[in-house]
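Biologist: Before we go into details, please take me through this chain one question at a time.

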Amino acid sequence: MTTPDFMKTINSQTMAAVIQQYPIAMDFLANYRLNDILKDRPLPKALDQVEDEILEEFGLERDDIVQNFCMFLETFSQTETSLDSVWSITINGGVNKLKEPENISLTISAGEIISIVGPTGSGKSRLLNDIECLAQGDTPTQRQIMVNGAEIDDLQRFEMDGKLVAQLSQNMNFVMDLTAREFLEMHAKSRLTANVDEVVEKCFQCANELAGEKFSEDTKVTQLSGGQSRALMIADTAYMSESPIVLIDEIENAGIDRRQAVLLLAKKEKIILVSTHDPLLALSADKRIVIKNGGIYKIIVTSEAEKRNLAAIEKFDSTLLMLRNSLRTGELITEELLEL
Ligand SMILES: Nc1ncnc2c1ncn2[C@@H]1O[C@H](COP(=O)(O)OP(=O)(O)OP(=O)(O)O)[C@@H](O)[C@H]1O
């Protein structure tokens with residue numbers, strides 16, 4: 001929708017209806033100290049009731065406020081629609097740490113899960129960073145990232161900066177002292193989510209399914225464990241983020257149902273790249289990129305035979321999980337326990 005389209009909506013719909021559709025509208029009103037305007041009528045009519053003094057403070061006429069409001073909504077809605085249309089990215093190879101060419105071109109489509117494996121220090125995070133900054137031959141690897149099969153120019157790179165990729169990194173440090181519900185609500189509103197309560201509820205339930213240890217809506221985010229905060233961010237990314245690409249760095253230590261987390265994100269038609277040392281996660285992906293000496297050394301498509309091995313790996317994994325839980329609860333690790 002463009003500014004003139006928003007103008008029509010704003011003139012014909014009550015502010016209550018506009019706010020319900022675009023909760024971020026409340027932030028705009030708060031900026032102009034207009035939180036308390038009458039919401040049972042369209043904005044121009046509501047502004048008629050506002051004292052001149054308040055408007056003079058900002059040096060604005062009533063018409064300017066309406067115009068600015070429409071532009072504000074247009075800016076936010078554009079961020080949403082332009083990102084809807086990313087259906088693939090292509091990694092064009094550069095060079096490894098020895099400056100040998102990678103000689104590859106890999107296209108990854110929406111809904112695909114790609115794992116990245118390789119020894120510590122081999123360059124897995126570097127590859128994720130190249131994708132995040134939409135490298136154009138200007139990083140140490142000289143890789144080039146294309147979007148929807150086409151090269152991107154500086155302007156597009158700038159416009160997509162920070163919007164294309166949601167990065168779930170190892171450490172989730174929350175700086176604000178909000179409850180889990182307040183945190184989710186804040187995100188829902190700033191992302192123009194239409195039905196805030198419903199989405200917040202879904203996110204919260206999903207985070208609790210993923211997290212080993214349950215938490216309540218009133219738990220402060222600063223008090224969540226590493227695993228719980230990771231689960232909260234994964235649910236938040238799945239249900240609210242418009243970013244078409246999700247990069248996950250080392251999910252295995254997080255104490256959450258990591259396989260379920262990755263499958264959930266893929267179901268949302270996102271492009272998922274997971275850097276991992278974990279066989280369960282690596283084989284859950286459609287393909288895995290093997291990194292050696294800073295370069296893409298192999299791309300392996302997960303075969304049906306490998307997928308069949310997942311069941312056996314899951315069994316090992318649940319034994320390990322059970323051992324971890326026994327340790328945590330102060331039990332002794334006996335031979336009987338290992339034979340279970
Ligand atoms: N092709 C390359 N050319 C030059 N430097 C590179 C290249 N690839 C990676 N590096 C550099 O090598 C270092 C280690 O890479 P990185 O941190 O990506 O490893 P990693 O595989 O993620 O390690 P870990 O498993 O320990 O997290 C970084 O400084 C990175 O910038």
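Biologist: How many helices and strands does the secondary structure of the chain come to?

Modeller: This is a predicted model. The C-alpha atoms fill a box of roughly 75 × 50 × 30 Å along the principal axes, and buried residues make up 31% of the 340 residues. The secondary structure comes to 15 helices and 9 strands.

Biologist: What is the order of the strands in the open sheet of 6 strands?

Modeller: The pairing in this open sheet is mixed. Its edge strands, each pairing on one side only, are S5 (165-168) and S9 (295-301). Neighbouring strands are turned by 20° against each other on average, direction ignored. The order is S5-S6-S7-S3-S8-S9.

Biologist: In which sense do strands S3 and S7 pair?

Modeller: Strand S3 covers residues 113-117 and strand S7 covers residues 271-275, with 4 bridges between them. Isoleucine 116 stands opposite serine 275 in S7. The sense of the pairing is parallel.

Biologist: Which helix lies across S3, S6 and S7?

Modeller: S6 is the strand at 245-249. The helix in question consists of residues 258-267 and runs at about 155° to S7. That is helix H12.

Biologist: How far apart are the end C-alpha atoms of helix H14?

Modeller: Helix H14 has 25 residues (304-328), so at 1.5 Å a residue it should span 36 Å. The distance in the model agrees with that: 36 Å.

Biologist: On which residue is the kink in H14 centred?

Modeller: H14 is hardly covered, with a count of 0 buried residues among its 25. Glycine 330, with a positive phi near 80°, follows the helix. The kink in H14 is about 30° and is centred on alanine 311.

Conventions:
Residues are numbered from 1 along each chain as its sequence is written. This is a predicted model: local features need pLDDT of at least 70, side-chain atom pairs count only at pLDDT 80 or more; totals for chains, interfaces and linings use all residues. Helices (H or I, at least four residues) and strands (E, at least two) are DSSP runs, numbered from the N terminus. A residue is buried if 20 or more other C-beta atoms lie within 10 Å of its own, exposed if 12 or fewer, and partly exposed in between; C-beta atoms are placed from the backbone. The expected span of a helix is 1.5 Å times one less than its number of residues. The bend at a residue is the angle between axes fitted to the seven residues ending there and the seven starting there. Two strands pair if DSSP finds at least two bridges between them. Axes are lines fitted to C-alpha atoms, for helices over the stretch in contact, and angles run from 0 to 180 degrees between N-to-C directions. Two residues are in contact if their C-beta atoms, placed from the backbone, lie within 7 Å.
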